[in-house]
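Welcome, and have a look at the model below. The report that follows walks through its contacts and one of its sheets.

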There are 2 protein chains.
Amino acid sequence: MKGIPPATVNRLPLYLRCLAECDTQTVSSERLADLAKVNSAKVRKDLSFLGSYGTRGVGYDVAHLTYQIERAMGLTKDWAVAIVGIGNLGSALAAYGGFSEKGFAVLGLFDSDPAKIGTSVGGRKVEALSKLEDAVKKRGLSIGVVTTPASAAQEVADRLTAAGITSILNFAPTVLHVPDGVSVRRVDLSTELQICSYYLNSVSAPT
Amino acid sequence: MKGIPPATVNRLPLYLRCLAECDTQTVSSERLADLAKVNSAKVRKDLSFLGSYGTRGVGYDVAHLTYQIERAMGLTKDWAVAIVGIGNLGSALAAYGGFSEKGFAVLGLFDSDPAKIGTSVGGRKVEALSKLEDAVKKRGLSIGVVTTPASAAQEVADRLTAAGITSILNFAPTVLHVPDGVSVRRVDLSTELQICSYYLNSVSAPT
DNA sequence: AACTGTGAAGAGTTTCACAGCG
DNA sequence: CGCTGTGAAACTCTTCACAGTT
């Protein structure tokens with residue numbers, strides 16, 4: 001919509017977390033920076049992309065700034081999420097309370113394993129993968145979370161995109177190839193450990 | 001050690017994944033770039049920080065390049081990992097095979113809940129949190145994975161660092177404050193969804 | 001001929017430093 | 001005075017383009 005730089009978009013949710021921890025009515029860029037462990041000039045630059053919501057000499061109103069970040073991130077409307085692949089990780093995500101906070105509703109759990117279909121995970125029944133397309137349309141699912149094994153992930157991504165999903169959060173340890181206009185975020189747990197390993201060797205600090 | 005740029009360090013594990021998918025003996029930067037969905041000049045720049053391991057006119061030897069990336073990332077030695085907080089996510093990680101691949105051994109599962117202590121998760125017994133310090137020393141644990149609720153995460157991080165851990169992978173939805181010399185990587189599942197939300201609104205592509 | 005390795009240009013990001021407002 | 005908002009400087013990262021090697 002407006003064109004917030006990607007680096008800033010990545011940090012706005014971090015500020016939301018820190019704002020939630022504030023018990024004061026206003027917060028300065030310095031204090032928010034301490035909480036978020038970033039530089040205070042960066043906080044001010046980041047927030048300036050949203051507009052001028054601070055008060056000079058005072059700081060930012062916590063409630064108002066929270067609202068403005070949520071608005072800029074598109075968190076004022078509710079998003080329906082599908083989780084595909086109900087193994088250990090998929091089940092954990094389905095049951096994770098933090099997922100359903102802040103306007104995300106898990107409205108579909110899918111798996112191809114007949115033994116899992118019909119079982120209840122996090123208060124919701126697991127459905128057959130064949131129900132995916134229909135559910136995307138009927139329930140307005142807009143984000144697909146892929147927690148299948150690597151071998152199944154591409155096929156699932158193909159079906160998600162064919163059904164009209166334009167945003168995928170991929171936990172499968174593989175790179176998904178999707179059409180233009182579909183955005184994929186990759187979260188690879190073993191990649192994260194490998195990066196930890198690098199910084200264990202060299203004593204320097206990470207980013 | 002050598003000083004590989006952070007952006008490159010973040011991508012090297014991605015190349016490892018793509019190299020594992022190669023069935024040919026050699027691979028060109030162009031092909032590796034296709035697999036990893038990045039620009040081929042970026043692949044060549046990234047790999048050039050490791051040394052000159054390509055052959056002009058041919059490409060990179062898959063096995064040799066894999067080894068060189070593993071060496072640069074510190075993956076040729078084994079790292080012992082502790083998981084603290086054996087809830088849904090901690091259990092999923094403990095059971096996740098991909099975690100134990102590539103030289104990571106989960107050698108400690110800790111929780112403060114007496115009901116969980118002594119139960120078996122992913123073939124390993126959950127221990128009392130009070131055993132943490134002793135285990136770090138005796139088993140040479142070097143990476144701490146924090147999967148506790150946000151409220152317990154800072155205390156756990158304090159204990160991990162006091163025990164000598166210098167690398168933390170934090171899944172708790174909070175910012176950890178640690179002494180200099182300790183590196184923390186934050187993986188926040190709900191942050192990831194929020195970023196998806198932003199790119200759903202604006203039709204533009206993410207990073 | 002095919003492909004790497006890399007200087008140099010370009011884009012994006014961070015940080016500084018301070019003018020300007022409350 | 002304290003703190004925001006922002007130009008400008010500094011730095012990092014990406015991409016181009018091509019010389020150089022096999």
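A residue counts as near a strand of DNA if one of its heavy atoms lies within 4 Å of that strand. Please keep in mind that this is a predicted model.

**The surface near the DNA**

Of the atoms of DNA strand C within 4 Å of the protein, 62% are sugar or phosphate atoms, and the rest belong to bases. Around this strand stand 26 residues, of which A:Arg11, B:Ser29, B:Arg44, B:Arg56 and B:Tyr60 come nearest. Sorted by class, this surface has eight nonpolar, 10 polar and eight charged residues.

Which elements supply at least two residues each to the surface near DNA strand C? From chain A they are helix H1 (6–21) and helix H3 (40–48), and from chain B they are helix H3 (40–48), strand S2 (54–55) and strand S3 (59–61). The largest share, four residues, comes from H3(A).

Here are some polar pairs between protein and DNA strand C:

| Protein atom | Atom of DNA strand C | Distance |
|---|---|---|
| A:Lys45, polar side-chain atom | base oxygen | 3.2 Å |
| A:Arg56, polar backbone atom | sugar or linking oxygen | 3.4 Å |
| B:Ser29, polar side-chain atom | phosphate oxygen | 2.6 Å |

**Where the two chains meet**

Now to the protein–protein side. Chain A and chain B each bring 69 residues to their contact. Together they bury about 6000 Å², with 63% of that area on carbon and sulfur atoms. On the side of chain B, the residues that lose the most area to chain A are B:Leu193, B:Gln194 and B:Tyr198, which together make up 12% of what that side buries.

There are four salt bridges between the chains. In one of them, the side chains of B:Arg185 and A:Glu192 meet at 2.5 Å, N to O. The interface also holds 22 residue pairs in polar contact, with both residues at pLDDT 80 or more. Helix H9 (residues 189–201) of chain B gives 13 residues, the largest share of the side of chain B that touches chain A. By class, that side divides into 40 nonpolar, 18 polar and 11 charged residues.

**A sheet in chain A**

Chain A has an open sheet of three strands in the order S1-S3-S2, with antiparallel pairing. Strand S1 (26–27) and strand S2 (54–55) stand at the edges with a single partner strand each, so one side of each has no neighbour in the sheet. Two bridges join S2(A) to strand S3 (residues 59–61) of chain A. Within this pair, A:Thr55 is opposite A:Gly59 in S3(A).

Methods. Residues numbered from 1 in each chain as written. Chains lettered and ligands numbered in written order. Predicted model: local features only at pLDDT ≥ 70, side-chain atom pairs only at ≥ 80, totals over all residues. Heavy atoms only, no water. Contact = heavy atoms within 4.5 Å. Buried area = accessible area lost by both parts, 1.4 Å probe. Polar contact = N/O pair within 3.5 Å; in protein donor to acceptor, adjacent residues only side chain to side chain. Nonpolar A, V, L, I, M, F, W, Y, C, P; charged D, E, K, R; others polar. Pairing = 2+ DSSP bridges.
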